[in-house]
Amino acid sequence: MKIIDFVRLILKHLLLLLLVPIVLALLVILLTRNPSFEYSSQTVLYTGIATGSSIEMDKTFNYQASNAAFDNLINIINSRETQEEVAVRLLAQHLMLPEANPRYISKTFYDQLRSKVPASLYKYVVHENKAVPSTMETSDPDKALFPPEINRADYEKTVQNLMALMKSSNTNYVYELLNYGKDDHYSLKAISTVTAMRISNSDLIKLSYTVNDPGICQQTLAIYNRVCIVNYKHIKENRSDAVVKYFEAQLENARQKLAAAEDILLEFNKSSNIINYYEQSKAVAVVKEDMDVDYNKKIADLAGIQASTKRLEEKLKIQEAIQLKTNAILDKKKQIGDLNYKIALIKARFESTNNESDLAKIEELNKKAEALSNDIKRNVAELYSYQNSIDGLPVSKILPDWINNVVEADNIKAKLNVINGQNKEFQKKYANYAPAGATIKRIEREISVSEQGYLEILHGLNLAKLKLQDSELTSNLKAIDPPYYPLSPNPTKRALLVIAAAILGGLITLAIIFVMEYFDDTLKNAKVASKKLGMNSLGMMPKLVVDPGSINLPYIQKRLIEIITQNVLQYFVTHPSDNKTKTIVVFSTQKQEGKTVMAGNIAKTLKNEGKEVVMLTYEGAKKTVKQHPKFSGLNKFLGYADPRIDYDNPFLADVSSYLNETEYYTYAVNNSFYNAQNYSDILNQNGITLNGAPDFVIIELPPLIDYIYPTELLNQADLNILVCRSNRVWSDADQLAMKNIVETAASKINFIINGVQINEIESILGELPKKRSVLRKKLKAMFKFQFFSKAQI
């Protein structure tokens with residue numbers, strides 16, 4: 001949208017843009033004619049969170065944890081439980097006051113409270129003790145703000161009673177007052193208006209409250225301070241105390257578990273006679289190893305002694321052989337003696353007899369004697385070898401060594417028997433120590449695990465106790481700036497509301513105007529219609545309103561129809577035709593588009609230019625149009641132009657008033673009409689005879705949507721003119737009605753947009769002819785950015 005169009009749109013709706021804000025401002029003034037004064041107070045609490053104050057020396061500041069702590073505190077302040085307690089305490093304070101006290105509640109609101117509170121509620125108010133003068137309440141931190149007429153002990157009991165009543169059901173008066181009512185002082189809705197916010201990145205939180213009574217404002221914040229301090233401290237300490245109790249219980253369980261594991265080890269050592277398993281098992285292993293070495297050594301010694309003894313015994317067995325050899329020698333000596341005796345006898349006899357047989361016997365006996373002699377020599381040699389060792393020692397010396405070896409072997413065997421007995425004892429000990437080691441390992445592992453768990457829990461307990469002490473220090477909220485008593489009410493926002501209403505009304509109205517303009521999907525003007533229709537424009541015609549103001553509407557009408565006619569003639573120049581008579585078909589898709597008026601005025605203009613023109617229109621084309629109702633007084637007041645059509649305008653005159661009978665004819669829309677291919681067919685069908693061949697024949701067709709039209713007539717026409725109203729939307733029905741025509745004769749179709757706003761004509765005629773002041777001309781040039789343009793040279 002151009003700036004000039006924007007300004008024109010603003011000026012068009014200027015009075016509406018001014019009227020709506022004024023009405024809204026007056027409405028706000030009426031609604032706030034009796035404003036209730038409001039009083040504001042505030043208090044500041046010190047938290048000690050952001051500085052990270054703690055008894056833990058190694059505690060580092062954590063920005064995220066600090067923000068989380070502040071969020072928690074603010075959530076506690078804004079919690080429903082806190083608001084309920086504040087409301088009940090405020091109600092209890094006012095119920096216990098014997099009379100109105102402006103410092104705590106004004107007389108007006110005190111009387112309202114007395115009138116609306118049921119008498120049954122006062123039975124929950126306690127008056128058992130006399131009020132203690134504030135000068136005696138040195139330990140009360142709220143003594144400067146709490147009413148001196150009320151005893152604090154009675155006050156606390158009253159609060160407890162009212163809290164119990166509120167929680168007992170949802171139908172009691174206190175519950176309804178807090179939740180269902182719209183009370184300005186005691187309802188949760190009113191208490192929830194207390195705002196809590198952190199002051200920058202400091203340790204401070206500011207509470208602010210605004211209400212219509214200064215005393216209630218101050219007391220509400222004072223009670224809020226007390227409740228928040230107590231609740232925050234209670235939550236933090238309870239949370240840490242619960243952790244300490246948890247660790248203490250777990251520590252006791254761990255201690256019992258550790259003691260039970262140690263008792264199991266003790267009982268196992270007693271039953272297994274173990275003082276120190278590792279030292280004892282080490283000593284047993286050492287002794288067993290030494291014993292095995294000694295045992296193996298003695299076995300080796302015994303084997304050596306037994307081998308030596310066996311050898312000695314083998315030597316000692318030769319004595320028997322010696323005895324046998326000696327006996328054998330003696331027997332052989334005896335045999336030799338016998339043989340010698342026999343030989344001597346036989347020799348004696350041989351000498352006496354010389355018997356050859358005796359000689360043979362002698363020789364045989366000599367051989368035997370010689371053999372025995374050889375045997376004796378061999379036996380004597382063997383006997384010598386028996387009686388002496390290999391080393392040449394006598395056998396008599398070997399016997400003591402054998403005896404010594406036998407004794408030593410027996411000694412070693414005795415020792416081996418003792419060692420074998422000890423080995424059996426050690427095997428029994430090993431049978432006990434082997435499973436005992438695994439059992440002790442398992443028990444010691446359980447003891448180690450229990451001990452580690454005990455130490456970890458003990459460490460956690462120490463940290464929890466440290467955290468408890470830390471929480472006790474950091475949970476002490478302090479009211480460093482108590483709520484003050486507001487002496488004067490807040491400035492009223494009435495003027496601000498009036499201004500805001502006026503601005504808002506103007507913006508909303510302007511936005512609605514822009515939205516309507518933006519979403520305006522009508523054909524509007526030739527440029528917009530050309531985009532929507534996809535055709536060339538022959539021109540525009542403004543709406544013929546009753547009161548065009550200072551605009552010279554007749555001149556504009558005359559000039560625009562001349563331009564349209566000129567564009568028609570120019571079309572025939574650029575699109576030459578062999579037809580002497582040019583056929584112009586004027587049609588529209590819907591009724592009441594103004595095609596009769598446009599066709600008649602084009603014919604009139606052509607006639608005035610000396611052209612012979614014949615206009616053919618269908619029967620019933622001219623219908624009586626009802627005048628619009630009277631122009632609205634509101635529209636007139638808002639400065640809008642009269643939108644009604646001036647039916648007395650010469651431009652709307654009947655065609656027959658400026659075309660004679662030979663130039664203007666009507667035809668019947670019947671079956672034969674749909675078969676017409678040119679204007680001659682129409683003339684013949686209706687019995688019309690022309691005196692000659694005119695230059696132009698203008699044929700007006702019925703609405704395409706309502707009637708069947710002769711397709712061939714449109715195809716053979718020299719120019720087809722579509723007439724459309726600017727204030728309507730080009731619908732799918734219009735597009736469908738034009739589909740076949742566009743497909744066959746698209747190049748011959750042009751359109752005229754009818755009934756446009758008068759300011760749209762500037763795109764054709766330039767600046768509209770009307771009287772303007774110098775200031776108006778300058779402003780218009782400025783909005784068009786035409787700073788150096790001149791009206792004349």
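In this predicted model, helix α4 passes helix α6 in a right-handed crossing. The axes of α4 (residues 80-96) and α6 (residues 152-168) come within 9 Å and cross at roughly 125°. The two helices are therefore oblique to each other, since angles over 145 degrees would count as roughly antiparallel and those from 65 to 115 as roughly perpendicular. Two open sheets, one of 7 strands with parallel pairing and one of 4 strands with antiparallel pairing, are described below together with helices that lie across them.

**Contact between α4 and α6**
- Helix α4 contributes E84, E85, V88, R89, A92, Q93, L95 and M96 to the contact.
- From helix α6, the contacting residues are D154, Y155, E156, T158, V159, L162, M163 and M166.
- Sorted by class, this contact comprises 9 nonpolar, 2 polar and 5 charged residues.

**The parallel sheet of 7 strands**
- The strand order of this open sheet is β5-β11-β10-β6-β9-β7-β8.
- Strands β5 (536-542) and β8 (664-667) form the edges, each pairing on one side only.
- From one strand to the next, the twist averages 20°.
- Within the sheet, β6 (residues 582-587) and β10 (residues 719-725) pair in the parallel sense over 4 bridges.
- The bridge partner of V586 is I721, which belongs to β10.

**Helices across the parallel sheet**
- Helix α16 (residues 553-574) lies across β5, β6, β9 (696-700), β10 and β11 (749-756).
- The direction of α16 is at about 165° to β5, which is one of the edge strands.
- Helix α21 (residues 732-745) lies across β6, β10 and β11.
- Relative to β11, helix α21 runs at about 135°.

**The antiparallel sheet of 4 strands**
- This open sheet has the strand order β2-β3-β1-β4.
- Its edge strands are β2 (195-198) and β4 (478-481), and each of them pairs on one side only.
- On average, and with direction ignored, neighbouring strands of the sheet are turned by 30° against each other.
- Strands β2 and β3 (residues 204-211) run antiparallel and are joined by 4 bridges.
- Residue M197 stands opposite K206 in β3.

**Helix across the antiparallel sheet**
- Helix α3 (residues 63-77) lies across β2 and β3.
- The angle at which α3 runs to β2 is about 170°, and β2 is an edge strand of this sheet.

Methods. Residues numbered from 1 in each chain as written. Predicted model: local features only at pLDDT ≥ 70, side-chain atom pairs only at ≥ 80, totals over all residues. Heavy atoms only, no water. Axes fitted to C-alpha atoms, helices over the stretch in contact; angles between N-to-C directions. Parallel < 35°, antiparallel > 145°, perpendicular 65-115°, else oblique. Left-handed = near helix turned anticlockwise from the far one by under 90°. Contact = heavy atoms within 4.5 Å. Nonpolar A, V, L, I, M, F, W, Y, C, P; charged D, E, K, R; others polar. Pairing = 2+ DSSP bridges.
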